[in-house]
Amino acid sequence: PLLDACARCSSAVSLNSAEVLGGTPSADLEQLSLLLSRVRAQESELQHARAVLGDAQTAIRTLDDVKEQELQLEDEIDELGLALTKATRRADTSEIDRLS
């Protein structure tokens, strides 16, 4: 994204340089300074966006891991419930006590 923004900016400066520049050298310098500050602001915004995107991707991976753990726990609970039901049908008190 940063390289794309840089390329777009360079292209825009090249295309519009005739319109932007052409005044006095001090006016041209002021205009170029303004453009440079805009480019730097965009660069800063892109770097911040990249950091936010990285944090979001990390959060998504963490959420996926937690969902997987939740499914595993649900499976374990279901298996324990089934084992308890079987032990109850067999009246296996030692197994019922172990599972409870």
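Mentor: In this predicted model, a residue is called buried when its relative accessible area is under 20%, exposed when it is over 50%, and partly exposed in between. Please keep these cut-offs in mind as we proceed.

Trainee: Why does Ala-91 count as exposed?

Mentor: The relative accessibility of Ala-91 is 55%. The cut-off for exposed is over 50%, and therefore Ala-91 is placed in that class. Ala-91 is found in the loop between H2 and helix H3, which covers 93-99.

Trainee: What is notable about phi of Ala-91?

Mentor: Phi of Ala-91 is positive, near 60°, and this occurs in a residue other than glycine. Ala-91 follows helix H2.

Trainee: What span is expected of helix H2, and what does H2 reach?

Mentor: Helix H2 runs over residues 25-90 and has 66 residues. The expected span is 1.5 Å times one less than the number of residues, and for H2 this gives 98 Å. From its first C-alpha to its last, H2 reaches 97 Å, which is close to that expectation.

Trainee: What makes Ala-87 count as buried?

Mentor: Ala-87 lies in helix H2 and has 0% relative accessibility. Buried requires a value under 20%, so Ala-87 meets the condition. As for its surroundings, the C-alpha atoms of Ala-87 and Asp-97 are 9.6 Å apart, with their positions 10 residues apart in sequence.

Trainee: How do you know which class Glu-43 and Glu-70 belong to, buried, exposed or partly exposed?

Mentor: Glu-43 has 33% relative accessibility, and Glu-70 has a relative accessible area of 44%. Each value falls in between the cut-offs of 20% and 50%, so Glu-43 is partly exposed, and Glu-70 is likewise partly exposed. Glu-43 lies in helix H2, as does Glu-70. The C-alpha atom of Glu-43 is separated by 9.6 Å from that of Leu-3, although 40 residues part them along the chain.

Trainee: Which residues gather with Glu-70 in a patch of negative charge?

Mentor: Among them are Asp-64, Asp-65, Glu-68, Glu-74 and Asp-75 on the surface. Asp and Glu count as negative, and a patch takes residues with over 30% relative accessible area. Glu-70 satisfies the area condition because its value is 44%.

Trainee: Why is the pair of Glu-95 and Arg-98 called a salt bridge?

Mentor: The closest N and O atoms of Glu-95 and Arg-98 are 2.9 Å apart. The definition asks for a side-chain nitrogen of Lys or Arg within 4 Å of a carboxyl oxygen of Asp or Glu, so the pair qualifies as a salt bridge. By this rule the count comes to one salt bridge. Both residues lie in helix H3, three residues apart, about one turn of the helix. In an α-helix, residues three or four places apart point the same way, because there are 3.6 residues a turn.

Trainee: Which of Glu-95 and Arg-98 is buried, and which is exposed?

Mentor: Glu-95, at 19% relative accessibility, counts as buried, because buried means under 20%. Arg-98 stands at 59% and therefore counts as exposed.

Trainee: How many helices and strands does the protein chain have?

Mentor: The chain has three helices and zero strands, and from the N terminus on, its elements run α-α-α. Buried residues make up 5% of its 100 residues. The chain exposes about 8,200 Å², of which carbon and sulfur atoms supply 58%.

Definitions and conventions: Residues numbered from 1 in each chain as written. Predicted model: local features only at pLDDT ≥ 70, side-chain atom pairs only at ≥ 80, totals over all residues. Heavy atoms only, no water. Helix = DSSP H or I, 4+ residues; strand = E, 2+ residues; numbered from the N terminus. Patch = residues over 30% accessible without salt bridge, like charges linked within 9 Å, V, L, I, M, F, W, Y side chains within 5 Å. Areas by Shrake-Rupley, 256 points an atom, 1.4 Å probe, with all protein chains shown as cover. Charge placed at Lys NZ, Arg CZ, Asp CG, Glu CD. Buried < 20%, exposed > 50% of the residue type's maximum accessible area, 1.4 Å probe, protein only.
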